[in-house]
Amino acid sequence: MHASLKRLGTDHIDLLQIHGYDVATPLDETLRALDDLVREGKVRYLGASNLAAWQLMKALGLSDSRNQSRFESLQAYYSIAGRDLEREVVPLLKDQNVGLMVWSPLAGGFLSGKFRRDAQGPEGSRRAAFDFPPVDRERAYNAIDVMDVIAKEQNASVARVALAWLLHQPHVTTVILGAKTEAQLEDNLAASELRLTPAQLEKLDAVSKLPPEYPGWMVERQNADRFPPAR
Ligand SMILES: NC(=O)c1ccc[n+]([C@@H]2O[C@H](COP(=O)([O-])OP(=O)(O)OC[C@H]3O[C@@H](n4cnc5c(N)ncnc54)[C@H](OP(=O)(O)O)[C@@H]3O)[C@@H](O)[C@H]2O)c1
């Protein structure tokens with residue numbers, strides 16, 4: 001760590017994130033090592049990435065019970081074409097007050113407007129050669145059809161609408177943009193200024209929402225007339 005800081009030309013890192021869950025290392029050891037770095041002043045805050053809800057909750061529980069620094073943010077894949085995170089992880093983030101940093105917000109370019117039912121994207125576009133992250137194409141094309149209409153209404157690109165949808169989700173703290181050109185970067189940065197109307201948000205939600213899944217639908221049913229304590 002000391003050598004890394006030296007190479008980076010700094011004496012501390014603001015946010016140190018682990019890239020994923022390592023099945024070969026006890027979680028306890030990882031958490032202790034991370035906490036040591038915070039105590040030594042080499043790191044200010046800890047973050048995790050790509051954890052399942054139970055893994056993140058276990059880590060938070062362990063850190064809290066030992067009075068150690070806990071993960072303050074999760075870096076995770078989330079897009080209008082892949083809302084899987086809403087099942088288990090988003091409720092956990094809200095409950096535990098952990099921030100969400102989104103990666104591949106355009107599903108690696110699939111949601112940039114270049115890919116449609118009848119267009120597989122120009123040669124050289126990353127997604128044409130590298131099929132990642134996985135998307136349910138039919139669901140994604142349906143979302144792209146709706147974003148297309150909204151993009152025209154807003155005089156914006158489909159990419160900008162896809163990013164703006166994320167920024168309108170209250171559980172999203174920040175989004176890591178991917179851009180290959182300056183024009184893409186400018187287009188994407190402008191998403192922070194794009195205000196989607198309630199009607200547009202409703203259409204985007206309807207076309208992209210996840211089908212109900214157990215135990216989510218039972219939890220919702222049992223709590224329909226209950227209100228969580230205010231936070
Ligand atoms: N934690 C993790 O495991 C993990 C995994 C993956 C990524 N990440 C992080 O997330 C960051 C972003 O991921 P990403 O690059 O996959 O993001 P992305 O926004 O999903 O995809 C970016 C790609 O989409 C295309 N694009 C972007 N804006 C566009 C626009 N306005 N118009 C047309 N095309 C556009 C470009 O590729 P083309 O022009 O080639 O189509 C660009 O390279 C990465 O840099 C990395 O830091 C983290």
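# Exercises on the pockets and the ligand

The second largest pocket holds about 440 Å³ of space (a pocket is an open set of points, on a 1 Å grid over the protein atoms alone, where a 1.4 Å probe fits, with protein on both sides within 12 Å along at least five of seven lines; lining residues have an atom within 4 Å of a point; grid points are joined across faces, edges and corners, and a volume is the space filled by probe spheres set on the points). This is a predicted model, in which local features need pLDDT of at least 70 and side-chain atom pairs count only at pLDDT 80 or more, while totals for chains, interfaces and linings use all residues. Residues are numbered from 1 along each chain as its sequence is written, and side-chain values use heavy atoms, with hydrogens and water left out.

**Exercise 1.** Describe the lining of the second largest pocket.

Step 1. The lining has 22 residues, and G108, G109, R126, G178 and Q184 lie nearest the centre.

Step 2. Helix 8 gives the most, with four residues (helices are DSSP runs of H or I, at least four residues, numbered from the N terminus).

Step 3. Sorted by class, the lining has eight nonpolar, nine polar and five charged residues (Ala, Val, Leu, Ile, Met, Phe, Trp, Tyr, Cys and Pro count as nonpolar, Asp, Glu, Lys and Arg as charged, and the others, Gly among them, as polar).

**Exercise 2.** Find the pocket in which the ligand sits, and list its polar contacts.

Step 1. The ligand sits in the second largest pocket (more than half of its atoms lie within 2 Å of the grid points).

Step 2. Polar contacts are pairs of N or O atoms within 3.5 Å. An oxygen atom of the ligand is 2.6 Å from an N or O atom in the S104 side chain. For the side chain of K180, the distance from a ligand oxygen atom to an N or O atom is 2.7 Å. At L106 a polar backbone atom is 2.9 Å from an oxygen atom of the ligand.

Step 3. On its own the ligand has 910 Å² of accessible area, and the protein covers 81% of this (Shrake-Rupley method, 1.4 Å probe).

**Exercise 3.** Describe the largest pocket and its lining.

Step 1. Its volume is about 1200 Å³.

Step 2. Its lining has 28 residues, with E86, P91, G216, V219 and E220 nearest the centre. Helix 4 (85-96) and helix 10 (216-222) are the elements that give two or more residues. Helix 4 has the largest share, seven residues.

Step 3. By class, this lining has twelve nonpolar, four polar and twelve charged residues.

Methods:
Polar contact = N/O pair within 3.5 Å; in protein donor to acceptor, adjacent residues only side chain to side chain.
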